[in-house]
Amino acid sequence: MVCFSMPVKLRIAAEAMSAYLWRLGQCSQIRFILPRLKEIEDSRMALTTWSGFKFDYDVQVINDEFSTAEAIDMRCRVKSQSFNPDSRSLFALSTPGIAEDGWAIYINGLVDSGLVVNLDEHGFLHVVPASAVSKTQRRGRTGRIADGVYCCLTESSSEESASLS
């Protein structure tokens, strides 16, 4: 069995989702939910340094420094693109709970790390698996106004099917 790092899994998911969405006649407007800023930066590097994508795309990091003006600009952009296959694709990287504003309904792909950061009883932060409820809620954030696709990177498809039944 081959094990890939989270950034490589994310890049593979982005490529597969983009190919699928292109076959549907849509540009990719994909959100990636990652547990911490370290994973966001590693994933940004994986996406921006790999030359295998056959389309133009932008990578947007959305964190607590993402301004209201930037959120409005992003919403205008993804709304005006209307998933047009000739538009420039967008990969938006964020942690859970960030970027839940009005632009998220225009996402047609969601790559979920399946991880969250929790505070333990001693005040230490740990990256742990997200609950099935959280994953189900995240899954509902894609494909709201157009066909969409969801991918969770930390579980097998049989576990996902069982947990969402």
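How many Å should the 14 residues of helix α3 span at 1.5 Å a residue, and how far apart are its end C-alpha atoms? In this predicted model, helix α3 covers residues 68–81, and its expected span is 20 Å. The end C-alpha atoms are 20 Å apart, in agreement with that expectation.

Four residues named Ala-71, Met-74, Val-78 and Gln-81 are the buried residues of α3. Viewed down the helix axis, the buried residues fall within an arc of 100 degrees and therefore line one face of α3. The face turned away from this buried side carries Thr-68, Asp-73 and Ser-80, which are exposed. The packing partners of the buried residues of α3 are three strands: β1 (29–33), β2 (57–62) and β3 (89–94). Just after the helix, Ser-82 adopts a positive phi of about 50 degrees.

A separate feature concerns the surface. Val-117, Leu-119, Leu-125 and Val-127 make a nonpolar surface patch of about 350 Å². Strands β5 (115–119) and β6 (125–129) each contribute at least two residues to this nonpolar patch. Of the patch residues, Val-117 is located in strand β5. The relative accessibility of Val-117 is 31%, so Val-117 counts as partly exposed, the limits of that class being 20% and 50%.

Notes: Residues are numbered from 1 along each chain as its sequence is written. This is a predicted model: local features need pLDDT of at least 70, side-chain atom pairs count only at pLDDT 80 or more; totals for chains, interfaces and linings use all residues. Side-chain values use heavy atoms; hydrogens and water are left out. The expected span of a helix is 1.5 Å times one less than its number of residues. Buried means under 20% relative accessible area, exposed over 50%, partly exposed in between (1.4 Å probe, protein chains only). The arc is that of the directions from the helix axis to the C-beta atoms. Contact means heavy atoms within 4.5 Å. Patches are made of residues with over 30% relative accessible area and no salt bridge: like charges are joined within 9 Å, nonpolar side chains (Val, Leu, Ile, Met, Phe, Trp, Tyr) within 5 Å. Accessible areas come from the Shrake-Rupley method with a 1.4 Å probe; for residues, only the protein chains shown count as cover. A salt bridge is a side-chain nitrogen of Lys or Arg within 4 Å of a carboxyl oxygen of Asp or Glu.
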